[in-house]
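Got the model open on your screen? Let's walk through it together, one piece at a time.

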Amino acid sequence: MAPDVKEEKIYPLGYEPETTPESTDPNVRNQLINFILKSGPTEVVDTDLFAVMAKRRSTRKFLDKPVETAKIDKIIAAADTAPTAGNYQGFEIFYVKSPEKKKQLIEACNNQPYVNAPVVLVFCKNPSRVKFDFPEYVLKKFAIQDATLAAGYSQLAAQALGLSSIWIGMFDEQKVMDVIGTDLVPSSVLCIGYPKQTKFPKPRRNLKDLVHVTW
């Protein structure tokens, strides 16, 4: 009689995606993430990438309405699709669910009250994942690029799902690390939720001030 095989969970303790494959193959790293990306969310507001980019706005006032798990799944999975140096993915995400820790993050983030949003994701650099034979400062540069791109992808995914977000870059790194319990240095805090109101586009700089042609 064959011995029982204990199923290995491929998601972290405290966060289980809303839908998972009926069977998992531990040899396929992206099986769960690909499953999440391909599964239909509860609501898709916009699938036109350029429309999503045009509509994205920073939001500082969120509704108390909780964000559906299926949408959080998509946002986190989207971060995993971002390009990274050597595909080593030199970043990690801390999903802050504790109301008490969110309050502590407000103080760590220069007392910005909107850090207490329905969904709070802290993107951290992890240069130890970048297995290039380069100086340490180069690996750290790759890691911050990886973490920044991942957070940007999550922002666009949130917008596409009818949510809004704000990117927090002003914070005390050590205080944030203490709150989330890590020695990884944070690069950004992404706050996500349903906006209280829809914002209109703000004026942007002229194209001639944005692009410089070099011959």
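## Some ground rules

Let's start with what "buried" means: a residue is buried if its relative accessible area is under 20%, exposed if that value is over 50%, and partly exposed in between, using a 1.4 Å probe and protein chains only. With that in hand, look at strand E4: eight of its eight residues are buried, so this strand is mostly covered.

Keep in mind that this is a predicted model, where local features need pLDDT of at least 70, side-chain atom pairs count only at pLDDT 80 or more, and totals for chains, interfaces and linings use all residues. Residues are numbered from 1 along each chain as its sequence is written, and side-chain values use heavy atoms, with hydrogens and water left out.

## The whole chain

The protein chain has seven helices and four strands. Both kinds of element are DSSP runs numbered from the N terminus: helices (H or I) need at least four residues and strands (E) at least two. Going along the sequence, you meet them in the pattern α-α-α-β-α-β-α-β-α-β-α.

The chain has 215 residues, and 40% of them count as buried. About 13600 Å² of the protein chain is exposed, with carbon and sulfur atoms supplying 55% of that; such areas come from the Shrake-Rupley method with a 1.4 Å probe, and for residues only the protein chains shown count as cover. Now for contacts, meaning heavy atoms within 4.5 Å. Take those with a separation of 6 or more: 75% of them are between residues 24 or more positions apart.

## The sheet

Which order do the strands take in the sheet? Four strands form an open sheet in the order E1-E2-E4-E3, with antiparallel pairing. Strands E1 (91-96) and E3 (164-168) stand at the edges with a single partner strand each, so one side of each has no neighbour in the sheet. From one strand to the next, the twist averages 20 degrees. As background, strands of a sheet pair through backbone hydrogen bonds, either parallel or antiparallel.

Here, two strands count as paired if DSSP finds at least two bridges between them. E1 is joined to strand E2 (residues 119-125) by six bridges, and Val-96 stands opposite Val-120 in E2. E2 is also joined to E4 by six bridges; there, Val-119 has Ile-192 in E4 as its bridge partner. Between E3 and E4 there are five bridges, and Ile-168 stands opposite Val-189 in E4.

## Helices to look for

Find helix H5 (residues 136-160) next. H5 lies across E1, E2, E3 and strand E4 (186-193), running at about 160 degrees to E2. Axes are lines fitted to C-alpha atoms, for helices over the stretch in contact, and the angles run from 0 to 180 degrees between N-to-C directions. Is Ser-154 buried or exposed? This residue of H5 has 0% relative accessibility, so Ser-154 counts as buried. Leaving out residues up to four places away in sequence, Ser-154 touches Ile-75, Ala-79, Phe-123 and Leu-190.

Helix H4 (residues 99-108) and helix H6 (residues 173-180) pack at about 175 degrees, with their axes 9 Å apart. That makes H4 roughly antiparallel to H6, since angles over 145 degrees get that label, while those under 35 are roughly parallel, 65 to 115 roughly perpendicular and the rest oblique. On the H4 side you'll find Lys-101, Gln-104, Leu-105, Glu-107 and Ala-108, which meet Lys-175, Val-176 and Val-179 in H6. The residues of this contact divide into four nonpolar, one polar and three charged. In this scheme, Ala, Val, Leu, Ile, Met, Phe, Trp, Tyr, Cys and Pro are nonpolar, Asp, Glu, Lys and Arg are charged, and the others, Gly among them, are polar.

## Three loop residues

Two residues to click on are in the loop between helix H3 (69-80) and E1: Asn-87 and Gln-89. Neither is a glycine, yet phi is positive, near 60 degrees for Asn-87 and about 55 degrees for Gln-89. Asn-87 counts as exposed at 58% relative accessibility, whereas Gln-89 counts as buried at 7%.

Lys-61 lies in the loop between helix H2 (49-55) and H3. With a relative accessible area of 59%, Lys-61 is exposed. What does Lys-61 touch, not counting residues up to four places away in sequence? Tyr-194, Pro-195 and Lys-196. The C-alpha atoms of Lys-61 and Ala-117 are separated by 8.5 Å, with the two residues 56 apart along the chain.
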